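Visitor: I'm new to this one, so could you walk me through it at an easy pace?
Guide: Gladly; have a look at it here, and then we can go through it topic by topic.

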Amino acid sequence: MNRISEYLEITDRKTGKRDVCCSKCGYILGPLSKGIYSGAVTRNMIPNEISPVYTKTDQTLFRLYYCPGCATQLKVEPIVKEAPRPPQLPEIEL
Amino acid sequence: MRENKATDPFTYEIVSHKLWQITEEMALAMKNVSGSPIVTEANDFNVAISLSDGQLSTMGAHNALVAGVIPLLIRNILEDYGSGDEICKGDMFVINDPHKGALHQLDLAVVAPVHYQNELVAWTSVIAHEVDIGGMQHGSPSPKATEIFQEGLRIPALKLVEKGKFQWDIFRMILSNVRQAGLVGLDIKARVATNSVGQARLYDLLSRFGRKVTLSVMQGVIDRSEKKFRERLLELPESHVGAIDYIDHDGHTNKIYKIVLKMTKESDSLSFDYSGTDDQAPGHINCTISGLITGVMGAVFPYICYDIPWNQGVMKAISIHAPEGSLVNCKPPAPTGWASIAGMFAVRNAAIQAVCKLLGSSREHWRQAGGVWEGGKAAPVIMGINQYGERSAYLYQSSGGAGAMAYKDGYDCSFSISSTKPSIPNIETAETFAPALFLFNRFRKDSGGSGKYRGGAALEFAFVRYGSTDVSVGGSGHGAVIPASQGIFGGYPGGFILRSIKRQTNIDAILVAGKIPQSIEEIDGNVEVLSAKFPPTSLDSDAVFYNSYSGGGGYGDPLDRDPQSVLQDVINDIVSPEAARSIYGVVLRRGSVDLSGTETLRKTIRNDRLGV
Amino acid sequence: MGSTMYTIGIDVGGTFTDGFLMDELGTMVSAKTQSTQEDLAIGVRECVSLLAKQINLLPRDLLKNTHLFSHGTTVVVNALLQYRGVKTGLITTKGFKNHLVMMRVGRGAGLPESELRDMNRVVRPTPIVPLSLTEEVTERVDREGKVVVPLDHDDARKAIDKLVRQQVKAIGVSLLWSFKNSSHEKRVRDLIEESHPEIFVTTSSELVPVSGEYERTATTVLNCYVSPMLTKYLRRLENYLRKNGLNRDPLIMQSLGGVLPFSEACGRGVSALMSGPAGGVVGSNYLAKLLGYKNVITTDMGGTSFDVGVIIDNAPLLAPSAYSPRSGPHIVRYSLLLPMIDITSIGSGGGSVVSIEDGEVKIGPRSAGSRPGPACYNRGGIEATVTDADLALGYISSKSFLGGMMRLSKRKAITSLKETIADPFGIDVFDAAKGIWKVTNSQASDLIRNVTVGRGLDPHDFTLFAFGGAGPIHCTSYGAELGMSIIIPQLAPQYSAFGVAISDLKQTFSFSDYMRSPFEPERIESSFTKLEIRARKEGRAWGLADSEIRLFRSIDMRYRAQTNSLTVPAPPGAVTSKTIRSILMRFQELYESRYGKGTAYAEAGTELTNFRIDVLGTRQRPQLKKFDVDGPDPSRALKGKREALVEADDNLGMTAIYDAKKLRAGNIVSGPSVIESEGTSVVVPPSQSLLVDQYLNFHIDRNGDD
């Protein structure tokens with residue numbers, strides 16, 4: 001087992017090289033070198049629309065990442081307009 | 001198994017247990033003499049025994065945060081006092097300077113060298129949070145502060161006791177600069193007593209077992225922790241992991257700061273690089289290197305070292321870096337008043353995220369991964385004239401929730417992960433000391449980050465002023481517009497903190513009519529949502545103050561949560577029926593789970609996710 | 001036979017039920033039988049039979065002539081630990097439904113040090129009352145007792161109905177500030193009794209009218225949870241006893257360290273939580289008073305644990321108290337408000353398993369129990385225990401253990417030590433056994449230090465009492481490190497049963513009424529008056545005449561802005577300003593003697609929090625039999641010699657073996673010796689001597705001479 005996270009693992013069965021695949025449905029999201037979520041489906045949502053416990057604000061959004069195969073929610077990421085995530089910051093590089 | 005010729009395993013067990021016992025006695029001495037609620041109730045202090053060069057050997061089981069502080073304090077003392085030449089038997093140092101190792105000025109430390117046969121062989125220390133240390137506002141940190149000079153007395157290492165003689169001039173100097181001098185003075189004496197106990201008992205130990213055996217066990221506990229920790233690191237994958245955490249509001253403006261971490265696991269070491277972090281802020285949220293180290297250890301200790309004694313041994317396998325001038329390694333005169341709940345927390349939260357992603361990728365240790373605990377504080381200070389006609393300020397401590405784990409929900413109402421034995425006050429205690437009447441105090445519905453495993457719920461409460469006409473409320477929290485407690489692997493963050501005042505309400509009419517409102521929405525009036533840091537705001541007789549802490553981060557996709565658990569959550573009022581449907585995709589019919597309805601709903605939600 | 005009056009004490013423990021009997025002349029006999037878990041009362045009956053047999057009476061004739069029958073039991077604590085109480089509901093103030101389950105966080109409470117680091121693993125204990133059985137009612141009282149929102153009767157009825165529909169057998173009623181104004185709680189109770197008289201009800205204002213809603217509620221619901229079961233148990237036992245001749249009220253030991261008639265104790269089940277362990281401390285206090293010792297550390301090393309209690313000025317230390325901080329005792333990790341004898345334990349007893357974890361030696365907390373028991377019991381146990389080490393070191397005899405009822409296998413003990421401890425460390429069996437002996441005793445003495453020095457008490461001011469099955473064996477070693485004089489009472493293994501038998505009747509009534517200085521004498525007097533009415537009523541229910549009822553007043557006090565509080569005794573008689581002045585002075589004295597000179601931050605003022613009256617009733621008891629001094633020569637009791645560890649020499653040495661039954665008053669036994677008795681041994685180190693007193697207790701003076 002080459003576990004990456006609760007729902008992702010490393011496989012080489014498709015391309016012979018290290019790819020990220022969903023451990024639930026087997027969907028191959030893409031090469032590991034591109035980043036573990038590079039192949040995920042993403043959607044930005046207003047936190048308050050998900051639940052009222054996220055007080056209404058226009059300073060923060062949640063970006064949700066899903067497996068394109070089974071739609072499992074892989075990650076919830078806060079997006080803060082005035083404090084953007086540095087692009088080179090890895091998620092996890094194994 | 002490493003054979004230490006100097007100590008057989010039984011002697012090792014006896015001496016290491018006695019070292020622990022000494023920290024227990026020191027802690028009890030502190031509680032006995034001090035009598036201050038911060039020490040006796042909140043357990044906001046800790047004690048430690050170190051080697052002669054400051055390495056932390058045994059630490060007490062109270063506030064877990066001193067590990068990052070004590071070695072720095074001692075190293076600074078050694079530097080300032082001629083590498084030990086000027087340190088004499090019977091000396092004790094008082095120190096609280098964040099640039100000399102303290103977390104922030106409110107955490108006052110007294111550190112004492114232990115001499116045996118004319119040689120400096122060890123140190124005992126005690127650090128405790130003080131009720132006030134001077135500065136521009138009662139309680140010391142102020143959102144208005146722009147410089148460390150405004151935050152109270154800053155003491156580099158000074159000899160509070162010199163060769164056994166208590167230095168009254170230094171004592172008087174400290175007390176003339178603080179409010180509630182009586183209490184602070186007592187606490188200082190308590191720290192002296194604590195170290196006296198530690199020194200005497202260490203001396204007994206050294207006499208009984210000899211210098212060689214005692215020091216070898218003190219070193220031995222460090223070596224064992226280092227060995228076990230490195231062994232565990234070798235079981236984790238080589239990797240780089242990134243994480244970001246945020247702090248909203250620096251006291252002056254509602255700006256959002258980012259704390260950026262790149263963690264690297266290589267062979268049997270772990271490194272934490274906070275280079276991408278924002279520069280230091282003009283307000284009191286910064287921390288110095290002590291906060292940086294403490295924050296990292298605040299993640300590593302509970303998540304990776306849950307069965308390894310916490311001491312220098314673990315720290316040896318870790319390297320930490322942040323550029324000087326960064327928010328998490330600030331330069332003077334940056335204000336650091338609330339370093340302990342702002343900058344340091346953000347360091348810790350980012351470290352928890354990174355450590356958990358690392359653990360989550362491990363075949364052996366994935367169960368140790370989880371969401372972030374109570375990422376920010378949200379305690380209100382109730383001030384003004386109390387019900388006895390006195391000017392007072394009462395900090396009402398409540399609690400957020402713990403992060404969910406890979407195999408269980410987060411602990412509801414957990415308090416900070418950095419406290420081992422926390423407790424929050426009873427309402428009857430709060431109403432005895434503060435001019436307030438509480439309308440409710442309970443788990444906040446949906447505050448626990450949703451996920452396969454739910455984050456722990458935070459508490460929410462509301463009160464009106466009671467017994468006084470001069471009441472204001474102020475607060476310094478974080479996580480009002482950003483999530484302080486992030487989830488992991490698809491889990492949602494815990495709910496934001498929320499403070500609000502509803503004015504011109506009909507609360508009196510409601511109570512007179514014999515009802516007790518159970519939500520702010522049930523009351524008529526005008527709501528003002530307060531920002532993360534808000535200055536003292538007065539409460540009129542018809543104002544209702546509301547406060548909620550941050551829930552714990554969730555673990556995994558909520559659609560994977562066992563529907564029976566969701567049902568139980570709804571029965572317990574911890575999850576709303578709306579969230580049960582829209583977030584968890586669970587259909588409940590007449591008090592039980594509709595399995596086929598749930599399957600269908602979850603399928604619909606999944607399709608919706610992919611835009612199908 | 002005839003008109004002889006007997007005093008009986010029976011202590012039901014987890015593994016064994018111990019019995020104790022004393023006649024009018026103070027002659028004592030004891031008995032031991034296995035506890036019968038399915039029905040603990042059976043073990044009690046068996047014990048009574050065994051006692052009767054020893055004095056050649058039928059059980060019926062014994063009971064007919066029994067003047068005092070007292071009982072200590074673990075039935076309540078077991079029911080709690082195994083979650084076998086009745087289905088209980090809770091009614092509380094609207095808006096505060098979660099406060100019981102919240103436990104004021106409750107994360108580290110009651111957990112051992114080794115588990116504190118693993119914060120992520122901590123879960124809450126199974127709730128005594130889950131949220132689904134918690135109902136809120138609209139009502140609100142403020143801190144002065146003023147009604148802010150009156151009790152909504154409809155709400156109350158709805159709440160009761162909901163709970164009844166869920167088939168609760170008991171309901172606890174705990175509302176905010178009810179101790180200041182109990183009218184709402186009383187009304188809810190009335191409503192329950194009107195419609196459902198069969199449901200057991202406890203209101204917090206009646207049980208424990210003390211500030212702190214979490215602890216008060218926890219205490220209240222725990223009482224509901226265990227009282228119905230305790231009532232059944234006591235009624236059945238009383239039935240048996242009376243049917244078989246007992247014509248006095250049987251008594252049960254309370255956690256407070258006093259007994260109550262069964263009928264009074266039924267409704268206050270939570271007060272019997274520490275019924276078992278309290279006996280040892282009460283017995284020690286009785287003996288301490290008899291022998292003239294004011295300050296005692298009681299140590300009970302049994303099969304599973306090492307329990308330490310403290311007696312100061314002939315008063316057993318209670319929790320919560322100034323010496324045992326505000327969080328009070330914990331049971332199943334809930335905090336309680338009822339004062340209990342404060343006993344601190346570690347899992348380090350005779351049956352504790354010795355293991356190696358990560359290259360480190362651990363003693364317990366796992367225990368081998370009695371099945372399989374220590375390896376030397378020859379019942380299939382292969383793990384080494386403390387008892388196996390004791391046997392290997394020559395401190396207990398394989399032949400005479402338990403009066404010869406059971407043979408121990410030294411071979412099995414040695415094999416277990418070799419395979420599980422000696423070989424892994426690459427040392428020989430003797431060194432392994434020695435190491436275990438030292439570690440066990442070092443940890444025991446650390447605990448005693450914790451319990452004394454940690455509270456600002458000096459062990460040198462105390463005498464050490466050692467009992468239980470393993471206490472007498474280990475006490476000279478764990479006592480030595482602290483330099484304490486030691487007393488091993490006669491019948492040490494059954495000491496709890498003795499304590500239960502000779503205990504006074506005792507009850508306590510408390511009431512919270514927060515006051516700040518300056519104080520009004522009338523208000524203080526009125527708080528005491530309220531309590532005195534209840535206290536006298538209790539005394540009369542015990543069958544005491546007014547003149548026999550002894551009342552003791554006390555007040556919990558603290559300095560404002562500090563939390564260290566003290567219980568200060570108040571003189572009897574009406575409170576005047578003079579009384580207040582003397583109480584304040586006494587408080588300052590006590591504070592400084594407890595916490596150190598200069599620690600009293602008196603400038604901020606003083607606060608009174610709780611008022612208390614203790615009620616005491618003493619029953620006529622025979623004196624312990626006093627024997628004439630026989631002389632110092634113990635040779636009549638000498639059985640032989642064998643090799644045993646002489647700790648001072650760190651080696652085996654020839655050790656004299658004595659038979660305890662043959663020792664006489666005045667005998668002096670010098671070390672190195674081992675005195676063997678039915679349930680235990682006493683190790684006498686060289687250069688120390690043991691004196692047998694006129695009550696056949698053993699004394700070992702710390703200075704090594706007598």
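Guide: A good place to begin is the contact between chains B and C, which takes 63 residues from chain B and 65 residues from chain C; please keep in mind throughout that this is a predicted model.

Visitor: Which elements give two or more residues to the side of chain B that touches chain C?
Guide: They are helix H1 (9–34), helix H2 (37–40), H5, helix H10 (427–433) and strand E14 (436–443), which belong to chain B. The one that gives the most to this side is H1(B), with 12 residues.

Visitor: And by class, what does that side have?
Guide: The side of chain B that touches chain C has 30 nonpolar residues, along with 18 polar and 15 charged ones.

Visitor: Which pair of chains has the most contacts?
Guide: Of the 2 pairs of chains that touch, the most contacts are between chains B and C. Chains A and C, on the other hand, do not touch, and their nearest C-alpha atoms are 18 Å apart.

Visitor: OK, so how many residues are in contact between chain B and chain A?
Guide: There, 45 residues of chain B are in contact with 34 residues of chain A. On the chain B side, at least two residues each are supplied by strand E8 (239–248), strand E9 (256–266), helix H9 (343–360) and helix H14 (595–609). E8(B) gives the most to this side, with 6 residues, and the side as a whole divides into 23 nonpolar, 13 polar and 9 charged residues.

Visitor: E8(B) again, then: in what sense do E8(B) and strand E7 of chain A pair?
Guide: Strand E7 (residues 92–93) of chain A and E8(B) pair in the antiparallel sense, over 2 bridges. To pick out a residue, A:Glu93 has B:His240 in E8(B) as its bridge partner.

Visitor: Let's switch to chain B by itself. How many helices and strands does the chain have?
Guide: The secondary structure of chain B comes to 14 helices and 22 strands. Along its principal axes, the C-alpha trace of this chain spans about 75 × 60 × 40 Å.

Visitor: What would a compact globule with 612 residues have as its radius of gyration?
Guide: The value would be near 25 Å, and chain B has 25 Å, which agrees. In addition, 64% of the 612 residues of chain B count as buried, and among its contacts between residues at least 6 apart in sequence, 74% join residues at least 24 apart.

Visitor: At what angle do H5(B) and H6(B) pack?
Guide: Helix H5 (residues 181–209) and helix H6 (residues 211–234) of chain B pack at an angle of about 120°, with their axes 6 Å apart. H5(B) and H6(B) are therefore oblique to each other. Where they meet, B:Leu205, B:Leu206 and B:Phe209 in H5(B) face B:Arg211, B:Val213 and B:Thr214 in H6(B), a contact with 4 nonpolar, 1 polar and 1 charged residues.

Visitor: Last topic, chain C: what is the order of the strands in its open sheet?
Guide: That sheet has 4 strands in the order E29-E30-E32-E33, with mixed pairing. Its edge strands, strand E29 (638–646) and strand E33 (681–684) of chain C, each pair on one side only. Neighbouring strands of the sheet are turned by 25° against each other on average, direction ignored.

Visitor: And over how many bridges do E30 and E32 of chain C pair?
Guide: Strand E30 (residues 651–659) and strand E32 (residues 673–676) of chain C pair over 4 bridges, in the parallel sense, and C:Asp659 stands opposite C:Glu676 in E32(C).

Key: Residues are numbered from 1 along each chain as its sequence is written. Chains are lettered from A and ligands numbered from 1 in the order in which they are written. This is a predicted model: local features need pLDDT of at least 70, side-chain atom pairs count only at pLDDT 80 or more; totals for chains, interfaces and linings use all residues. Two residues are in contact if their C-beta atoms, placed from the backbone, lie within 7 Å. Ala, Val, Leu, Ile, Met, Phe, Trp, Tyr, Cys and Pro count as nonpolar, Asp, Glu, Lys and Arg as charged, and the others, Gly among them, as polar. Two strands pair if DSSP finds at least two bridges between them. Axes are lines fitted to C-alpha atoms, for helices over the stretch in contact, and angles run from 0 to 180 degrees between N-to-C directions. Angles under 35 degrees count as roughly parallel, over 145 as roughly antiparallel, 65 to 115 as roughly perpendicular and the rest as oblique. The radius of gyration is taken over C-alpha atoms; the globule rule is 2.2 Å times the number of residues to the power 0.38. A residue is buried if 20 or more other C-beta atoms lie within 10 Å of its own, exposed if 12 or fewer, and partly exposed in between; C-beta atoms are placed from the backbone.
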